[in-house]
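Colleague: Got a minute to go through this one with me? I'd like to start with the charged side chains.

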Amino acid sequence: MRRRSSQERLVFSDIEIVDIAEEGKGVGKTDDLVLFVERAIPGDVVDVELIRKKKSFGEGRIQTLKKASEHRVEPFCEHFGVCGGCKWQHMTYDAQLLFKQQSVENALTRIGKVDTSSMEPILPSVQTKYYRNKLEYTFSNKKWLTSIDDNVEDMNMDALGFHVPGRFDKILNVNHCYLQEDPSNILRNSVREFAVENDISFYDLRGHSGVLRNLIIRISSTGELMVIVVFAYPEDGQVELLMSFIKEKFPTITSLLYIINQKKNDTIFDQDIIVYNGRDFIYEEMEGLKFKVGPKSFYQTNSAQAYELYKITRDFAGLSGEELVYDLYTGAGTIANFVAKYAKEVIGVEYVPSAIEDAKINSEINGVKNTKFYAGDMKDVLTANFIAEHGKPDVVITDPPRAGMHTDVVARLLEMEAPKIVYVSCNAATQARDLTLLAEKYDVVRIKPVDMFPHTQHVENVVLLKLKG
């Protein structure tokens, strides 16, 4: 049934939600439309207000919840529904795991035409709150207002928190975030209050003016703490005023850093890092290995679950100590160093030169002697000459970004004909696409999803491929 709301938007009544889409929205159907509904769960029956319409599908939001799914629970965070970070807080964790398992299976079968009979149950995260080791907050002088009753004239509009989905210039002022353990919340709130009290201006995301721009907090599994304050246009004495406050109030900070970033974007990879106090890095630890993590280093943001992911990767590789392993998209060499003592040699390749330097340092500080690392575009480095020089690998481990592997890299893998490929992915759709190409010479023999990010739709997946006989 269709009707018009008071705002003349189309409303579909009594829509049963039957599935979850890849982006985490509920899926319902009418006679001629597939509806993607924000914050709807399979089993819900809802009236859907149509927000936008394409030829064969529409996007909408729940106007009325007629019948609640058995999977539905009350979200535990006051910011749920406005903050875009934890879109699945309104469903049980068991349901989240079920839908993530289904999403991986659907992508592999629909896109990759993969036989998923070897698929194992998803590995849950032991921690479902406070599991992230890194968060980045944004300062803004244009706070997102959560109520039409807010009196803007009498309100301080400075905010420190997260971007509101779809609004680059609006920041949700976060009171308590359940993603990172303390002192993260205390530290963020203290910095915001001190800045307001001392008239240190917050950044204008449209006008590109103001003093305070970003706050980055990293807490390692070893208990070490890194805090980075990003300034834009500080006035005399303001950097020292804020940094000395943070140092004195939080004396356990291992690495206290700041940056002056006057670019139009927030990336810090091309910026100078200034050490205010302590070291310019912190240590992560995994199975007795230490990993040096700097302000620009990549490290999996769920430390405990990264350990589980790497153990599965190593198990899938089935190393005996005699293998030559290629670790593609090695990053800071975390996987390479993690598997090195079980292999004869590990060759790591990564696009970002600074990450390769981190990888070499991580081998050095752990006394790992059987790794080599090379920087460059994967499709350019992984040539026939490179393989001739270093040897044909017995095992290839590949952990590409969300976009998956370049077709030239897949072609090189097919040329190499390594007996095993372990493919780690954060995007089952692009992984499935690559598996379709690799199916020319490889069979999928094991599949294991891993939940790295509870209360979100994101899921990692590990696949073992073996060369056809």
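Modeller: Sure. Lys-379 and Asp-380 meet through their side chains in a salt bridge, 3.6 Å from N to O. The term means a side-chain nitrogen of Lys or Arg within 4 Å of a carboxyl oxygen of Asp or Glu. Before we go on: this is a predicted model, so local features need pLDDT of at least 70 and side-chain atom pairs count only at pLDDT 80 or more, while totals for chains, interfaces and linings use all residues. Residues are numbered from 1 along each chain as its sequence is written, and side-chain values use heavy atoms, with hydrogens and water left out.

Colleague: Is Lys-379 buried or exposed?

Modeller: In between: Lys-379 has a relative accessible area of 26%, which makes it partly exposed. Buried is under 20% relative accessible area and exposed is over 50%, with partly exposed between the two (1.4 Å probe, protein chains only).

Colleague: How many salt bridges does a search of the whole structure find?

Modeller: It finds 23. One of them is Lys-142 with Asp-204, whose closest N and O atoms are 2.7 Å apart.

Colleague: What does that pair tie together?

Modeller: Lys-142 lies in the loop between β7 (134–140) and β8 (159–164), and Asp-204 in the loop between α2 (184–197) and β10 (212–219), so the pair ties together parts that are 62 residues apart in sequence. Those element names are DSSP runs numbered from the N terminus: helices are H or I with at least four residues, strands are E with at least two. Lys-142 is partly exposed at 27% relative accessibility, whereas Asp-204 is buried at 12%.

Colleague: And what about Arg-433 and Asp-434?

Modeller: Their side chains form a salt bridge too, at 3.0 Å from N to O. Asp-434 is buried, with a relative accessible area of 0%, while Arg-433 is partly exposed at 35%. Elsewhere, Lys-25, Glu-38, Arg-52 and Glu-59 are joined into one network by salt bridges that share partners.

Colleague: Switching topic: where is Lys-296?

Modeller: In the loop between β15 (289–293) and α4 (303–317). It's partly exposed, at 28% relative accessible area.

Colleague: What is Lys-296 in contact with?

Modeller: Leaving aside neighbours within four places in sequence, Lys-296 touches Ile-268, Phe-269, Gln-271 and Ile-273, where contact means heavy atoms within 4.5 Å. The Lys-296 side chain reaches the backbone oxygen of Gln-271 at 2.7 Å, and a polar atom of that side chain lies 3.2 Å from the backbone oxygen of Phe-269.

Colleague: OK, strands now. How many bridges join β2 to β3?

Modeller: There are 3, and the strands, β2 (residues 10–20) and β3 (residues 26–29), run antiparallel. Pairing here requires DSSP to find at least two bridges between the strands. Ile-17 has Gly-28 in β3 as its bridge partner. The two strands form a hairpin with 5 residues between them, and Gly-24 in the turn has a positive phi of about 95°.

Colleague: What does β3 do on the β4 side?

Modeller: β3 pairs antiparallel with β4 (residues 34–38) over 4 bridges. Val-34 in β4 is the bridge partner of Lys-29. That's a hairpin as well, with 4 residues between the strands.

Colleague: Last one: which residues of α3 are buried?

Modeller: Gln-238, Val-239, Leu-242, Met-243, Ser-244, Phe-245 and Ile-246. The buried residues of α3 pack against α2, β10, β11 (225–231), β12 (255–260) and β13 (274–278).

Conventions:
A polar contact is a pair of N or O atoms within 3.5 Å; within protein, one must be able to donate a hydrogen and the other to accept it, and residues adjacent in sequence count only if both atoms are side-chain atoms.
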